[in-house]
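Subject: Structure for your records, with notes

Dear colleague,

Please find the structure below, as agreed. My notes on it follow.

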Amino acid sequence: MAKITFVTHGGERIEAEAENGSTVMESAIRFAVPGIDAECGGACACATCHVYVDEEWTATTGEPEAMEEDMLDFAYDVRPNSRLSCQIHVSDELDGLVVHVPERQS
């Protein structure tokens with residue numbers, strides 16, 4: 001299990017426990033994180049689970065793969081630390097992960 005902190009655009013911090021093997025998006029949905037819509041259900045077919053990975057975690061979460069990069073083209077205000085939360089798989093290594101929710105989703 002890993003603890004993930006979601007920081008909403010308004011600054012609210014939501015701490016979620018995430019099971020290994022799940023995705024950051026699944027935890028966001030389970031804990032009703034505002035701004036994470038996940039319209040495609042985690043199929044990497046939309047950009048409504050877009051998050052900004054906290055700078056100290058970007059190396060640990062890794063770079064987006066080609067399909068994710070293509071979907072990020074549809075996201076609002078993409079930054080170098082942008083990821084789709086459906087593509088970040090939870091492991092013990094991510095315990096303490098902090099992600100920020102954009103002002104709005106596409």
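Where does Cys-44 lie? Cys-44 is found in the loop between H1 and E3. The model is a predicted one, and the remarks that follow should be read with that in mind.

Cys-44 has a phi near 55 degrees, which is a positive value in a residue other than glycine. With a relative accessible area of 6%, Cys-44 is buried. Among the residues that Glu-68 touches is Cys-44.

A phi near 55 degrees, again positive and again not in a glycine, is found at Asp-77. Asp-77 is placed in the loop between H3 and E4. Its relative accessibility is 37%, so Asp-77 counts as partly exposed.

Salt bridges

How many salt bridges are there? The count is three.

One of them joins Lys-3 and Glu-15, with 3.6 Å between the closest N and O atoms. Lys-3 belongs to strand E1 (residues 2-7) and Glu-15 to strand E2 (residues 13-18), so this pair ties together parts that are 12 residues apart in sequence. Lys-3 is partly exposed, at 34% relative accessibility.

Another salt bridge is made by the side chains of Arg-83 and Glu-68, at 2.7 Å from N to O. Here Arg-83 is in strand E4 and Glu-68 in helix H3 (residues 66-72), so the parts tied together are 15 residues apart in sequence. Are Arg-83 and Glu-68 buried or exposed? Both are buried.

Asp-77, described above for its phi, also takes part in a salt bridge: its side chain meets that of Arg-79 at 2.8 Å, N to O. Arg-79 is partly exposed, with a relative accessible area of 40%.

Arg-83 and Glu-68 in detail

Strand E4, which holds Arg-83, covers residues 82-84. The relative accessibility of Arg-83 is 5%; buried means under 20%, so Arg-83 falls in that class. Apart from Glu-68, what does the side chain of Arg-83 reach at 2.9 Å? It reaches the backbone oxygen of Gly-62. Leaving out residues up to four places away in sequence, Arg-83 touches Cys-49, His-50, Val-51, Val-53, Thr-61, Gly-62, Glu-63, Pro-64, Glu-68, Leu-72 and Ile-88.

On the other side of the pair, Glu-68 has a relative accessible area of 2% and is buried. The side chains of Glu-68 and Arg-83 are also joined by a polar contact of 2.7 Å. With residues up to four places away in sequence again left out, Glu-68 touches Cys-44, Arg-83, Leu-84 and Gln-87.

Cysteines

How many disulfides does a search of the whole structure find? The search finds zero. Cys-40 is in no disulfide, and the nearest cysteine sulfur, in Cys-46, is 3.6 Å away. Cys-40 is partly exposed, its relative accessible area being 26%.

Why is Cys-86 not bonded to Cys-49? The sulfur of Cys-49 is the closest cysteine sulfur to that of Cys-86, but at 3.8 Å the distance is too far for a bond, because a disulfide needs the two sulfur atoms within 2.5 Å. Cys-86 is buried, at 5% relative accessibility.

Rings

The structure holds zero aromatic pairs. Charges do sit over rings, however. The charged end of Arg-79 is over the ring of Tyr-52, at 4.1 Å from the ring centre. Arg-79 is thus a residue to look at twice, because its side chain also meets that of Asp-77 in a salt bridge. Over the face of Tyr-76 lies Arg-104, 3.8 Å from the ring centre.

Asp-37

The last residue on my list is Asp-37, in the loop between helix H1 (24-30) and strand E3 (50-53). Asp-37 counts as partly exposed, at 42% relative accessibility. Its contacts, with neighbours within four places in sequence left aside, are Ile-29, Thr-48 and Gln-105. How far apart in space are Asp-37 and Asp-92, C-alpha to C-alpha? The distance is 25 Å, and the two are 55 residues apart in sequence.

Regards

Notes
Residues numbered from 1 in each chain as written. Predicted model: local features only at pLDDT ≥ 70, side-chain atom pairs only at ≥ 80, totals over all residues. Heavy atoms only, no water. Helix = DSSP H or I, 4+ residues; strand = E, 2+ residues; numbered from the N terminus. Buried < 20%, exposed > 50% of the residue type's maximum accessible area, 1.4 Å probe, protein only. Polar contact = N/O pair within 3.5 Å; in protein donor to acceptor, adjacent residues only side chain to side chain. Contact = heavy atoms within 4.5 Å. Salt bridge = Lys/Arg side-chain N within 4 Å of Asp/Glu carboxyl O. Phe/Tyr/Trp six-rings, centres within 6.5 Å; stacked < 30°, edge-to-face > 60°. Lys NZ or Arg CZ within 6 Å of the ring centre and 35° of its normal.
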